[in-house]
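Subject: Handing over a structure, with notes on its helices and a pocket

Dear colleague,

Please find the structure below, together with my notes on what I found when I went through it. I suggest keeping it open beside the text as you read.

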Amino acid sequence: MAKPDEALVLKWRELAEDGYLYAEISRMYPHFSVDQVRHYCLEHTCPNLGGPTQKVDRWPHAELTEKQATRVLDDWDEKADRWKKSGADWARKLNVSASTIYMLRRGETWKYLEHPNQGRKPKKKKGKK
């Protein structure tokens with residue numbers, strides 16, 4: 001993955017300071033992932049570069065909209081006792097990392113939705129009857 005130059009990192013930090021979401025910044029610069037933008041804005045990468053930096057608890061920096069999160073969570077197939085689409089498929093469709101989908105499904109993110117499918121796992125074990 002490409003690394004941003006110093007001027008671009010400073011621009012990202014200014015945009016984040018102005019309230020832009022990391023996902024929005026990433027969409028403005030499609031050669032860079034949301035994770036890259038977040039790491040540079042939080043000073044995990046290039047901490048001595050300068051410019052305004054964000055605090056870890058900055059809100060919001062969600063990669064998904066509430067509507068998208070709900071669509072992913074609504075994807076549970078009750079009869080088949082599993083997710084209809086894989087997390088990787090949803091990630092490609094929504095242009096986010098697969099871990100974003102898996103954290104949503106496990107209930108680690110978007111907790112306030114209190115969606116019944118968060119934390120859902122198949123009841124049956126594969127290969128057992």
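The notes below deal with pairs of helices and then with a pocket.

Please bear in mind throughout that this is a predicted model.

I begin with helix α1, which covers residues 6-17, and its partner α3, whose axes come within 9 Å of each other and cross at roughly 85°. Angles from 65 to 115 degrees count as roughly perpendicular, and α1 and α3 are therefore described as roughly perpendicular to each other. On the α1 side the contact involves Val9, Trp12, Arg13 and Ala16, and these meet Gln36, Val37, Tyr40 and Cys41 of α3. Sorted by character, the residues of this contact between α1 and α3 comprise 6 nonpolar, 1 polar and 1 charged.

Helix α4, residues 66-73, takes part in two of the pairings that I looked at, with α5 and with α6. Its axis and that of helix α6, residues 98-106, come within 10 Å and cross at roughly 70°, and α4 and α6 are therefore roughly perpendicular to each other. Here Ala69, Val72 and Leu73 of α4 make the contact with Ile101, Leu104 and Arg105 of α6, and the residues involved divide into 5 nonpolar, no polar and 1 charged.

How, then, does α4 pack against helix α5, residues 87-94, and at what angle? The angle is about 155°, with the two axes 11 Å apart, and since angles over 145 degrees count as roughly antiparallel, α4 and α5 are therefore roughly antiparallel to each other. The crossing in which α4 passes α5 is right-handed. In this pairing Gln68, Arg71 and Val72 of α4 meet Trp90, Lys93 and Leu94 of α5, and the contact consists of 3 nonpolar, 1 polar and 2 charged residues. You may like to find Val72 in the model, as this residue of α4 appears both in the contact with α5 and in the contact with α6.

Finally, I turn to the second largest pocket, which holds about 230 Å³ of space. Its lining is made up of 13 residues, and those nearest the centre of the pocket are Ser26, Ser33, Val34, Asn95 and Val96. Both α2 (22-28) and α3 (34-41) supply at least two residues each to this lining, and α2 gives the most, with 3 residues. By character, the lining of the second largest pocket divides into 6 nonpolar, 4 polar and 3 charged residues.

With best wishes

Methods:
Residues numbered from 1 in each chain as written. Predicted model: local features only at pLDDT ≥ 70, side-chain atom pairs only at ≥ 80, totals over all residues. Heavy atoms only, no water. Axes fitted to C-alpha atoms, helices over the stretch in contact; angles between N-to-C directions. Helix = DSSP H or I, 4+ residues; strand = E, 2+ residues; numbered from the N terminus. Parallel < 35°, antiparallel > 145°, perpendicular 65-115°, else oblique. Left-handed = near helix turned anticlockwise from the far one by under 90°. Contact = heavy atoms within 4.5 Å. Nonpolar A, V, L, I, M, F, W, Y, C, P; charged D, E, K, R; others polar. 1 Å grid on protein atoms, 1.4 Å probe; cavity = no way out; pocket = protein on both sides within 12 Å on 5 of 7 lines; lining within 4 Å. Points joined across faces, edges and corners; volume = space filled by probe spheres on them.
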